[in-house]
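Please open the model in your viewer and keep the sequence beside it, since this tour moves from one selection to the next. At each stop, make the selection and then compare the view with the description.

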Amino acid sequence: MRYSTIALLLVLSFSAAYSAEPKLDSELQGLTSNQDVDVIVQFKNVPSDGQHQRVLAHGGKLKHSLDIIRAAHYSVPANQLQSLSEDPDVTFIAPDRAVKATANAVYTGSPDYGWRTAGADLATSVFGLNGSGVGIALIDSGTNNSNDLKNAQNQSRVVYQTSLVSNSDANDHFGHGTHVSGILAGNGITRTSPTPLT
């Protein structure tokens with residue numbers, strides 16, 4: 001009975017080891033070049049200085065901390081990715097892929113999925129409204145000088161800013177106010193659309 005239990009444990013151990021998901025994205029597997037690749041490395045916990053140092057020991061360079069998803073953005077030599085994935089604290093390594101809108105890479109003025117999700121397409125199709133002449137007051141963490149909030153002449157469409165906190169400016173030091181103002185009044189400018197729309 002004891003030997004059969006040991007044999008069963010060994011079989012389960014080997015099958016678990018061989019069925020484990022790889023920690024390296026298929027696009028990054030088998031790379032042998034020493035050319036740097038931008039990757040997102042996700043860890044079991046929010047990466048500490050020690051974990052950053054282990055990535056640096058593989059020739060990596062820290063570009064951005066992404067603590068909210070227990071990850072960081074690094075530039076790492078391609079031929080070091082496999083050995084980095086073997087670090088027990090690493091859960092997955094993925095390429096730093098470009099993110100873009102699924103409906104339209106460039107704003108066209110036509111309703112997209114975001115508009116339909118919020119019901120904004122009804123304002124145009126049912127009521128004939130387009131947002132012109134509408135002003136919005138937003139009380140939040142501030143607003144940064146975003147291209148998404150500029151007109152065709154590259155001038156800010158933000159009419160007034162102030163801080164309601166003493167000894168503070170109206171700049172958005174936390175990002176939330178800029179994010180919300182983009183949802184409320186953004187013109188949809190992206191990197192692929194250098195000219196803002198009015």
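Begin by selecting β2 and β3, two strands of this predicted model, which run antiparallel and are joined by five bridges. Within this pairing, colour Lys61 and look across to β3, where the bridge partner of Lys61 is Ser75.

Now add β1 to the selection, and you will find that β1 and β3 pair in the antiparallel sense over seven bridges. A place to inspect in this pairing is Val41, whose bridge partner in β3 is Ala72. Add β4 as well, which runs antiparallel to β1 and is joined to β1 by five bridges; here Gln42 stands opposite Phe92 in β4.

With these strands displayed, you have an open sheet of four strands in the order β2-β3-β1-β4, with antiparallel pairing. β2 (61-66) and β4 stand at the edges and each has a single partner strand, so one side of each is left without a neighbour in the sheet. If you turn the view to follow the strands across the sheet, the twist averages 30° from one strand to the next.

**The nonpolar core**

Next, show the side chains of Val39, Val41, Tyr74, Val76, Leu81 and Ile93, which are the residues with the most contacts inside the largest nonpolar core, a group of 13 residues. The elements that give two or more residues to this core are β1, β3 (71-77), α3 (81-85) and β4 (90-95). Centre the view on Tyr74 and display its surroundings: leaving aside neighbours within four places in sequence, Tyr74 is in contact with Val37, Asp38, Val39, Val41, Phe43, His52, Val55, Lys61, Leu62 and Lys63.

**Charged pairs between β1 and β2**

Which residues among the contacts of Tyr74 also take part in a salt bridge with each other? Asp38 and Lys63, both of which are in contact with Tyr74, form such a bridge, the closest N and O atoms being 3.0 Å apart. This pair links distant parts of the chain, with Asp38 in strand β1 and Lys63 in strand β2, 25 residues apart. Asp38 counts as partly exposed at 29% relative accessibility, and Lys63 is also partly exposed, with a relative accessible area of 42%.

Then select Lys61 again, this time together with Asp36, because the side chains of these two residues meet in a salt bridge (2.7 Å, N to O). Here too the pair links distant parts of the chain, since Lys61 lies in strand β2 and Asp36 in strand β1, 25 residues apart. Lys61 counts as partly exposed at 44% relative accessibility, and Asp36 counts as partly exposed at 35%.

**Arg97 and its partners**

Move on to Arg97, which is found in the loop between β4 and α4 (113-118). Which residues does Arg97 touch, not counting residues up to four places away in sequence? They are Asp25 and Glu27. The side chain of Arg97 makes a polar contact with the side chain of Asp25 at 3.1 Å, and with the side chain of Glu27 at 3.2 Å.

The structure holds six salt bridges, and one of them is the meeting of the Asp25 and Arg97 side chains (3.1 Å, N to O). This pair spans 72 residues of the chain, from Asp25 in the loop between α1 and β1 to Arg97 in the loop between β4 and α4. Is Asp25 buried or exposed? At 12% relative accessibility, Asp25 counts as buried, whereas Arg97 counts as partly exposed at 44%. Salt bridges that share partners join Asp25, Glu27 and Arg97 into one network.

**Two polar side chains in loops**

For the next stop, select Ser33 in the loop between α1 (2-19) and β1 (36-43). Ser33 counts as partly exposed at 33% relative accessibility, and a polar atom of the Ser33 side chain lies 2.9 Å from the backbone nitrogen of Gln35. Not counting residues up to four places away in sequence, Ser33 touches Pro77, Ala78 and Asn79.

Finish at Asn151, which lies in the loop between α5 (120-125) and α6 (176-185). Asn151 counts as buried at 14% relative accessibility, and the Asn151 side chain reaches the backbone nitrogen of Gln153 at 2.9 Å.

Definitions and conventions. Residues numbered from 1 in each chain as written. Predicted model: local features only at pLDDT ≥ 70, side-chain atom pairs only at ≥ 80, totals over all residues. Heavy atoms only, no water. Buried < 20%, exposed > 50% of the residue type's maximum accessible area, 1.4 Å probe, protein only. Contact = heavy atoms within 4.5 Å. Polar contact = N/O pair within 3.5 Å; in protein donor to acceptor, adjacent residues only side chain to side chain. Core = buried A, V, L, I, M, F, W, Y, C linked by side-chain atoms within 4.5 Å. Pairing = 2+ DSSP bridges. Axes fitted to C-alpha atoms, helices over the stretch in contact; angles between N-to-C directions. Salt bridge = Lys/Arg side-chain N within 4 Å of Asp/Glu carboxyl O.
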